[in-house]
Amino acid sequence: MNNPIIKVTQLVKSYGRHKVLNNISFEINKGETVALIGQNGAGKTTLFSLLCGYLKADSGSMQLLGEQPGSQALFGKVAALPQDAQLDPAFSIGQQLSFYGQLQGLTGREARAETERVLALVDLAAHYHTKAGALSHGMRKRACMAQAFIGSPALILLDEPTAGLDPANALHIRELISDLSQHASFLISSHNIFELERLCNKVLYLQDGQLQQHNAQPNESIAHLSLQLATGKEAAAINSDEVCQQLRQLAGVKEVSAGRNHEYQLSYQPQVVDDFDIRLLQCLAANGWQYKQLSKGKTLEQQLFARKQAATVLS
Ligand SMILES: Nc1ncnc2c1ncn2[C@@H]1O[C@H](COP(=O)(O)OP(=O)(O)OP(=O)(O)O)[C@@H](O)[C@H]1O
């Protein structure tokens, strides 16, 4: 039997007359790393706050590991990094994280060892005794993240974990999440969909109070290619309708669409021809078109953008 780590059913949350979450339902299973995406104000933090038990829903039900959000039984099993997580500036981060560990039932010695372990994970091992107020914004953020890792929880909720981090630290945190995802399930919100695309195998997309869900895993029966033609002097003469027409004639092609700057998106059935790339390059060469970039796969941005366009057309 499938026992979801998170089960949300027909959840509704309004602020006054503003219905932020309108009857949303979803499940997250053990071992999944799930992205929560949505525009500013879409309701991501509201959903996180509900899951953490900081806010009460108007209606609907939520279960985390079979328990109600905020339940004492979840202490140590579910960890959260809120968007505006803060540490007390007057105390050392080691003291604060150790205290949190002791609240989870660790002895003083165990809590100190655990704090050292999680601070090392986020490259702050040398700052055990540094007061939170003396850390940079990015270091404080990493310290808060370390707190979320204390005690090896089964479910970790991260609201914008890499916002405000420099690229090297953001990469380090992504790698850390990727390593830890072998042992814990993650729900991660971020505006950086490239990072979510690499980390997550499922995407929850909040829009207008509704949730759309889709797998970030590639569909084996349909493959995608992004092609950009060279933008030299001759490129101005390239007729994109003509390019689309020629590409559509290739065996296995399902769909071709033209974007800006001589960019084209192709979807095709890889099982129809096993040398599709070569045939595509032959087609370009035969027409005198040079490619600037050719990349496999469809980015999450393209998937979401396509969904949005479709929704706009339907409405
Ligand atoms: N305490 C509150 N009282 C009234 N309205 C609120 C409150 N908190 C949030 N909202 C509104 O609810 C909507 C969702 O806010 P929320 O912070 O959940 O969005 P978000 O997706 O996290 O946005 P962002 O990406 O900007 O962080 C917004 O329109 C916001 O103005």
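I started at A258, which stands opposite Y264 in β12. Worth keeping in mind that I'm looking at a predicted model.

**The sheet**

I followed that pair outward. β11 and β12 (residues 263-268) run antiparallel and are joined by 5 bridges. They belong to an open sheet of 4 strands, and I read the order as β11-β12-β10-β13, with antiparallel pairing. β11 (253-258) and β13 (291-296) are the edge strands with a single partner each, so one side of each has no neighbour in the sheet. For the twist I got an average of 15 degrees from one strand to the next.

**Helices on the sheet**

Next I checked what packs there. Helix α7 (residues 240-248) lies across β10 (223-229), β11 and β12, and runs at about 170 degrees to β11. Helix α8 (residues 276-287) also packs on the sheet; I found it touching β10, β11, β12 and β13, with its direction at about 160 degrees to that of β13.

**The ligand**

Then I moved over to the ligand. Which residues come nearest? Of the 13 around the ligand, they are G41, K44, T45, T46 and H191. I sorted the shell by class and got 3 nonpolar, 9 polar and 1 charged residues. β2 (18-28) and α1 (44-52) each supply at least two shell residues, and α1 has the largest share with 3.

I looked up polar contacts to ligand oxygen atoms as well. A polar side-chain atom of K44 sits 2.7 Å from one, and T45 has a polar side-chain atom at 2.8 Å. With G43 the partner is a polar backbone atom, at 2.9 Å. Last entry: the ligand taken alone exposes 630 Å², and the protein buries 60% of that.

Technical notes
Residues are numbered from 1 along each chain as its sequence is written. This is a predicted model: local features need pLDDT of at least 70, side-chain atom pairs count only at pLDDT 80 or more; totals for chains, interfaces and linings use all residues. Side-chain values use heavy atoms; hydrogens and water are left out. A residue is near a molecule or strand if one of its heavy atoms lies within 4 Å of it. A polar contact is a pair of N or O atoms within 3.5 Å; within protein, one must be able to donate a hydrogen and the other to accept it, and residues adjacent in sequence count only if both atoms are side-chain atoms. Accessible areas come from the Shrake-Rupley method with a 1.4 Å probe; for residues, only the protein chains shown count as cover. Ala, Val, Leu, Ile, Met, Phe, Trp, Tyr, Cys and Pro count as nonpolar, Asp, Glu, Lys and Arg as charged, and the others, Gly among them, as polar. Two strands pair if DSSP finds at least two bridges between them. Axes are lines fitted to C-alpha atoms, for helices over the stretch in contact, and angles run from 0 to 180 degrees between N-to-C directions. Contact means heavy atoms within 4.5 Å.
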